[in-house]
Amino acid sequence: MNTLLKPKESIAMRAAKELQDGHIVNLGIGIPTLVSKYIDSPSIFLHTENGLLGVDDLKQEIDPLLVNAGKLPVGEANGAAYFDSADSFAMIRGGHIDVAILGALQVDESGLIANWAIPGETIMGVGGAMDLMSGAKRIIVTTNHTNKKGEPKLVKTCTYPITSNRKVDMIITELAVFERQDNILTLIELMPGATLDEVKRKTESDFAIADAIKEG
């Protein structure tokens, strides 16, 4: 992994390694949108809940009518398919999305996620996060390890409204990769330049440590 990458880019690159040929993948707003830059396979298909399967990076002039769910301009891959929002959400709710990559405000040690509202602040809209949490086969969270105040985003218990009772499968930050194994949040990988002491210092939630890291 390129250690010269900005933290968000490093997170996105690491998340892209979790995707396999044939996967239908929904990318959330924020860091998840960067994941598309690191997908090389033409057999990984990006989905957006506003009605496009075959989202691609921009390769020509911006079409103001061609945007993703975050209202960012996108391109269309060869063979892309358009449909209305009802069909798009039917795909999500019907279990046809293999992986959803979502941003987060908080993730607690049990795997619950809060990513749609901060009490006392204006809510821009729930979006499709609740549906994706319920319908996608696998949930990967990509997020900075701490918020703008330096407070941990990996907390013991979410203090913001949770998005779903479904628990996430993996969390990727600029410091570490965590996986929920046997319902226990487990540190499985340190990101380049990060140390175990730093991860412990900046993480409020309890977590197990994979043997490979202990031995390292």
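Here are some exercises with worked solutions on the predicted model shown above.

## Exercise 1: One lysine, two partners

Find the residues that form salt bridges with K156, and work out which parts of the chain these pairs link.

**Solution.**

Step 1. Start with E109. K156 forms a salt bridge with E109, and their closest N and O atoms are 3.3 Å apart. A salt bridge needs a side-chain nitrogen of Lys or Arg within 4 Å of a carboxyl oxygen of Asp or Glu, so this pair makes the cut.

Step 2. Now place both residues on the chain. K156 sits in the loop between β9 (154-155) and β10 (170-172), while E109 sits in the loop between β6 (106-108) and β7 (113-114), so the pair ties together parts that are 47 residues apart in sequence.

Step 3. Go on to D206. K156 also forms a salt bridge with D206, with the closest N and O atoms 2.9 Å apart. This pair links distant parts of the chain too: K156 is in the loop between β9 and β10, D206 is in the loop between α5 (196-201) and β13 (208-209), and they are 50 residues apart.

Step 4. Check how open to the outside these residues are. Partly exposed runs between the 20% and 50% limits. K156 has 35% relative accessibility, so it counts as partly exposed. E109, at 26%, is partly exposed, and D206, at 48%, is partly exposed as well.

## Exercise 2: More salt bridges

How many salt bridges does a search of the whole structure find? Then look at the pair E198 and K202, and say whether each residue is buried or partly exposed.

**Solution.**

Step 1. The search finds eleven salt bridges in the whole structure.

Step 2. In one of the pairs, the side chains of E198 and K202 meet with an N to O distance of 3.0 Å.

Step 3. Compare each value with the 20% limit. E198 has a relative accessible area of 18%, so it is buried. K202 has 29% relative accessibility, so it is partly exposed.

Step 4. Salt bridges can also join up into a network: R14, E18, R138, E179 and E189 are linked in this way.

## Exercise 3: A sheet of three strands

Work out the strand order in the open sheet that contains β6, and say which strands stand at the edges.

**Solution.**

Step 1. The three strands run in the order β7-β6-β9, and the pairing is mixed.

Step 2. β7 and β9 each have a single partner strand, so they stand at the edges and one side of each is left without a neighbour in the sheet.

Step 3. Zoom in on one pairing. Strands of a sheet pair through backbone hydrogen bonds, either parallel or antiparallel. β6 and β7 pair in the antiparallel sense over two bridges. Q106 has A114 in β7 as its bridge partner.

## Exercise 4: Inside the protein

Which residues touch the most other members of the largest nonpolar core? Also find out what surrounds T186.

**Solution.**

Step 1. The largest nonpolar core has 27 residues, and V168, I171 and F178 touch the most other members. At least two residues of this core come from each of α3 (85-93), β5 (99-102), α4 (129-135), β8 (138-142), β11 (176-181) and β12.

Step 2. Look around I171. Leaving out residues up to four places away in sequence, I171 touches V107, V141, T143, L154, A176, V177, F178 and L185. Another core, of 23 residues, lies apart from the largest one; among its members are A12, A15, I39 and L52.

Step 3. Turn to T186, which is in strand β12 (residues 184-190). Its relative accessible area is 6%, so T186 is buried. With the same sequence neighbours left out, T186 touches V177, F178, E179, Q181, A208, I209 and A210.

## Exercise 5: Two positive phi angles

Find the phi values of D182 and N183, and say where these residues lie.

**Solution.**

Step 1. Most residues other than glycine have a negative phi.

Step 2. D182 has a positive phi, near 50°, and N183 has a positive phi near 65°.

Step 3. D182 is found in the loop between β11 and β12, and N183 is placed in that loop too.

Step 4. D182 has 78% relative accessibility, so it counts as exposed. N183 has 44%, so it counts as partly exposed.

Key:
Residues are numbered from 1 along each chain as its sequence is written. This is a predicted model: local features need pLDDT of at least 70, side-chain atom pairs count only at pLDDT 80 or more; totals for chains, interfaces and linings use all residues. Side-chain values use heavy atoms; hydrogens and water are left out. Helices (H or I, at least four residues) and strands (E, at least two) are DSSP runs, numbered from the N terminus. Buried means under 20% relative accessible area, exposed over 50%, partly exposed in between (1.4 Å probe, protein chains only). Two strands pair if DSSP finds at least two bridges between them. Contact means heavy atoms within 4.5 Å. A nonpolar core is a set of buried Ala, Val, Leu, Ile, Met, Phe, Trp, Tyr and Cys residues joined through side-chain atoms within 4.5 Å.
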